[in-house]
Amino acid sequence: MNAAAVLNGLLIGGFYALVALGLSVVFGVLRVINLAHGAIVILGAYLAYWMSAWLGLNAFAALPLVFVVVLVLGYLLQRYLLTGLLIRRPEGALVATFGLSLALGGLFTIWSGSGPHALRGPLVTAGISVFGIETRAIYLVDFGVAVVLAAVAYVVLNRTRAGAIIRAAAADTGTAGLMGIDIRRVYAVTFAVSAAVAAITGVLLGATFSFTPDSSTQYLLTGIAVVVLGGVGNVLGTFCGGLLLGLVQSVAAAQFGGGWRDFTVYALFFIVLAIRPQGVFVRTRKVTG
Amino acid sequence: MPRTRALRSVIPIAAIALAAAACGGGAAGSADGPVVIGASMSLSGSLGVLGPPLEAGYQQAVADVNAAGGVSVDGTKKKVKLVVLDNGSDPNKASSQARELVLKDQAVALLGFTTPPIVTPTALAAEQQRIPFVTSLTPVRAFQQGGKSGWKYAWDLFFDEKDQAAMAAKALAMAKGNKKVVLFTDNEPDGAMERPMYKAAFQARGLTVAGDYTFPVGTTDFSSFITSAKAKGAQLLAAQMTPADGVALWKQLRSFHFAPQAAFVAKASDAEYWWETLDRSAQGTLSEGYWSPSAEPASAIAVVKKTLGKKYGMTSGNMAGATMAYTAATVLTQAITRAGSTDPDRLDTAIGNTDARFPGGHIKFDRSTHTATTPYYVTQWQKGVQLQVTPPLKGVTFEQPTAGLRER
């Protein structure tokens, strides 16, 4: 097997995990597929692009600002629009996120046109050798950020009081509400942090590849594929699902040609849906009599 | 009584039929109003970046014909009105808008946009409506392939894909090095069609195809292909891909230190965003040119030089697009005057009889294919502008190796 394809596939898989992280958490806690997730990823890329154009910031300098801006926007959006819809009827929130996705796509086009953009910054076009295999420095950055954010998300969700509250809200909103948990706030914070992580992913996307207003769908689909592979709301599963997706894509392209790249991914997607709909990386408990 | 009832039931049907007759028959248009020409264009969506210069070309052509008094229809001069709808780069929408322009706006003819995925469904809708359709910016073989049973009302003026492949091969053969070329093509219809043409043209020029990589549109990671290309020792690169994928490939070529002697990329690199997005990494990229101001007589291009030329700069990719659009619109308006009518069949015959020089070149349609072939050039990005390098132009040097990919 081609060692370069394996290494690059795993590193890109880290980026895919990052794409899916927020989607998985929102799906796991709010029980809604955020159809605006891809657009929020691309929003991060455009915010960094605009900050670069207006403030002269490079991609990495823009990261903290993008995080804060989208965190606030995400909180307000969930608190004052989506939660109300979600509590009434989940389909309302689903449609609203789709509408949000369309609206954001329109804004990107109006403000920056339909052409491709890419972010500039250190490491963006740098190469590096890992175990004697050539790769891109930015792939390592993406992978490192994915590892850190997945680890932080895992620890927060599983080892902290805040995480216990979120898990309680995810498990049973009614009981959690009776226990004094402010469900609306939990939803808003979860959505805001997930959106901010998606926006960070967008900045890295802009530095690593390129983006247009139409890129949203591509990354939403990538996110959904990873969530299906890894298991809904399962942070470590999502991370491993991303790695699996990147690896399969890269090895398929190297071994059989680029035309097989998408086929193998969707084949894997359907096989997993058919055999393990709960996700490849979710442990199933045996019920004993 | 039964007769009265029968009459009553006939009246609404007759009224509807009369109303339909009054509203329909878009080709007839309004007797007193302007002559309406419609265009479904991609002003947003994935192809939206290509829309504004083409729209500007159409608008300028209409403004110029109106400034000259308009078109002659039935012995009287009439102004031309251009109705443009944004199809959002959606082929289905382009098709339905073509019908809307004919049925609702009473367009007597339609102008096209660019690329086969948008032009073909629009042209097919025009054929269904029996309304003349003129387009440019769609390579002629792809256009012919779109009309499976032959075109009747649709016409295209642009370059031939075989010329494109031959010119790309000629440019790459001019580069120093080992003559090994790697080919990157996506799976869009034009990429699939032109891939064998590129390979044949490279072999004809004595180049060896060391790597042949195909991939779906939207591919982000090209690392396995680049690693393979390097391992094969290729020193030349040719690609045909969408703008977003092209930008991603170029960034990765730099990361993997693959700096070919010459690198040609069609479709992705022929507009200003190539330089704006990649900056110095774009230096030396061989790109495509389908219009060269230096190849046309000064008298033919004077009309666009003072308007579109001022807006876009004469050598820019946007200017080439705008000029070809201007040419398509002028071919149509001149045909209306020659036909002296907006009758679809008379207008169609007049379009087919076109044989004249326009800003975009000499246009003479082949009646069997409904296409007019215009020249193809290879250009090179040098300090933010595209300069023609094949055929060679006096005062322009073909820079090699590809400096933007070599820079550290």
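In the predicted model, Q106(B) is partly exposed, with a relative accessible area of 22%. The residue sits in the loop that connects α3 (91-103) to β5 (109-111) in chain B. Its backbone is marked by a positive phi near 55 degrees, in a residue other than glycine. A second positive phi, near 70 degrees, is found at T115(B), again a residue other than glycine. T115(B) belongs to the loop of chain B between β5 and α4 (116-129). T115(B) counts as buried because its relative accessibility, 16%, falls under the 20% limit for that class.

Chain B also holds cis peptide bonds. One of them runs from T390(B) to P391(B), with omega near -5 degrees. P391(B) is placed in the loop between β17 (385-390) and α15 (403-406) of chain B. Another cis bond links Q400(B) to P401(B), where omega is about 0 degrees. P401(B) likewise lies in the loop between β17 and α15 of chain B. Most residues other than glycine have a negative phi, and most peptide bonds are trans.

The search for enclosed space gave 2 cavities of 30 Å³ or more. The largest cavity has a volume of about 90 Å³. Its lining draws on chain A through G9(A), I12(A), Y16(A), G246(A), Q249(A), S250(A), A253(A) and R261(A), and on chain B through D221(B), S223(B), S224(B) and F225(B). At least two lining residues each come from α1 (3-30) and α10 (235-256) of chain A and from α8 (223-231) of chain B. Of the elements, α10(A) contributes the most to this lining, with 4 residues. Sorted by class, the lining of the largest cavity comprises 6 polar, 4 nonpolar and 2 charged residues.

The second largest cavity has a volume of about 30 Å³. The residues that line the second largest cavity are L30(A), V32(A), Q78(A), L82(A), L86(A), A93(A) and T97(A). Two or more of the lining residues are given by each of α3 (59-88) and α4 (90-112) of chain A. The largest share, 3 residues, is supplied by α3(A). The lining of the second largest cavity has 5 nonpolar and 2 polar residues, and no charged ones. By contrast, 2 charged residues occur in the lining of the largest cavity.

Definitions and conventions
Residues numbered from 1 in each chain as written. Chains lettered and ligands numbered in written order. Predicted model: local features only at pLDDT ≥ 70, side-chain atom pairs only at ≥ 80, totals over all residues. Heavy atoms only, no water. Buried < 20%, exposed > 50% of the residue type's maximum accessible area, 1.4 Å probe, protein only. 1 Å grid on protein atoms, 1.4 Å probe; cavity = no way out; pocket = protein on both sides within 12 Å on 5 of 7 lines; lining within 4 Å. Points joined across faces, edges and corners; volume = space filled by probe spheres on them. Nonpolar A, V, L, I, M, F, W, Y, C, P; charged D, E, K, R; others polar.
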